[in-house]
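Welcome, and thank you for taking a look at this chain. Please have the sequence and the model open side by side as you read.

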Amino acid sequence: VYSGFFLTILIVTALAAFGYLSVSSLGNMFSEYRGTARQTLLVNDYVEDMFEARMAAFKYRINPNADAAAEVRSNVDEIIGDTQFEAIFANDIEAQQELKALKSKAGSYRDAFDRMVALQNQRNELVDVLVKTGPEMRLMLTEIMETAYADGDIEAAFYAGIAQQELMLGRFYMERYLLTNALNAFDRVDKHF
């Protein structure tokens, strides 16, 4: 009877030790899983922010406006301004270095986007000059044609008509170039002007 009790106590003690070790091991595995899940969520947030920034940049290129530009900057600033990656990747120095490099590239992306916005604004100002000057030039050529015709100078009227035709074709290909950035349209603008 005593040996049965002793054997039962020994088995219960062994089961308790095994249970404790199993639960402790399971707790460690859960902690590792939780840490890995937090790391994955953070990286996915960066991926999502960069994707949204790129989509907003595409929207800006299609229709330049302040809202799309602000959206690009906001998404990139979320990546750059995030400070929790050091705590989440505290045990992974290599990942911290990669994330710092990512933040640096995100800053370069934002700077390039800001330069693009400035150049887009400059382009818009130049296009406004083109849009205003083109009709003025056409009216001047029409005036020359009408004056030459009224004076009976057929040769001057002919050359003014040719100049007006070249002006209109140049403006046509200029519009095409502004829409498509096709180099052959740019070459045609140069040829006609």
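How much accessible surface does the chain have, and what share of that surface belongs to carbon and sulfur atoms? The accessible surface comes to about 14100 Å², and carbon and sulfur atoms account for 62% of it. Please keep in mind throughout that this is a predicted model.

**Overall shape**

Let us start with the fold as a whole. The chain has 6 helices and 0 strands, so its elements read α-α-α-α-α-α from the N terminus on. Along the principal axes, the C-alpha atoms fill a box of roughly 140 × 25 × 25 Å. The radius of gyration tells a matching story: the chain has 36 Å, whereas a compact globule of 193 residues would have a value near 16 Å.

Burial and contacts add to this picture. Of the 193 residues, 21% count as buried. Among contacts between residues at least 6 apart in sequence, 54% join residues at least 24 apart. As for charge, the chain carries 18 positive and 28 negative charges, and the mean positions of the two sets are 3 Å apart.

**The nonpolar core**

Which residues have the most contacts inside the largest nonpolar core? They are Leu42, Tyr46, Tyr60, Val72, Phe85, Phe89 and Phe113, in a core of 19 residues. Two or more residues of this core come from each of helix H1 (2–62), helix H2 (66–81), helix H3 (85–88) and helix H4 (93–150). H1 gives the most, with 6 residues. As general background, nonpolar side chains tend to be buried together in soluble globular proteins.

Tyr46 is a good place to zoom in. Leaving aside neighbours within four places in sequence, Tyr46 is in contact with Ile79, Asp82, Phe85, Leu99, Leu102 and Lys103.

**Four residues to visit**

The table gathers four residues from along the chain, with where each lies and its relative accessible area.

| Residue | Location | Relative accessible area | State |
|---|---|---|---|
| Asn75 | helix H2 | 4% | buried |
| Gln120 | helix H4 | 18% | buried |
| Glu143 | helix H4 | 54% | exposed |
| Asn181 | loop between helix H5 (154–180) and helix H6 (183–192) | 54% | exposed |

Why does Asn75 count as buried? Asn75 counts as buried because its relative accessibility is 4%, and the cut-off for burial is under 20%. Not counting residues up to four places away in sequence, Asn75 touches Asp49, Glu52 and Ala53.

Gln120, at 18%, is buried too. Beyond its neighbours within four places in sequence, Gln120 is in contact with Tyr60 and Pro64. Tyr60 also appears among the core residues with the most contacts. The C-alpha atoms of Gln120 and Ile162 are separated by 34 Å, with their positions 42 residues apart along the chain.

Is Glu143, in helix H4, buried or exposed? Glu143 is exposed, because its relative accessible area is 54%, and residues over 50% are classed that way. The C-alpha atoms of Glu143 and Ala160, 17 residues apart along the chain, are separated by 9.2 Å.

Finally, turn to Asn181, in the loop between helix H5 and helix H6. Its phi is near 60 degrees, a positive value in a residue other than glycine. In general, most residues other than glycine have a negative phi. Asn181 is also exposed, with a relative accessible area of 54%.

How values were computed: Residues numbered from 1 in each chain as written. Predicted model: local features only at pLDDT ≥ 70, side-chain atom pairs only at ≥ 80, totals over all residues. Heavy atoms only, no water. Rg over C-alpha atoms; globule rule 2.2 N^0.38 Å. Buried < 20%, exposed > 50% of the residue type's maximum accessible area, 1.4 Å probe, protein only. Contact = heavy atoms within 4.5 Å. Areas by Shrake-Rupley, 256 points an atom, 1.4 Å probe, with all protein chains shown as cover. Lys, Arg positive; Asp, Glu negative; His and termini not counted. Charge placed at Lys NZ, Arg CZ, Asp CG, Glu CD. Core = buried A, V, L, I, M, F, W, Y, C linked by side-chain atoms within 4.5 Å.
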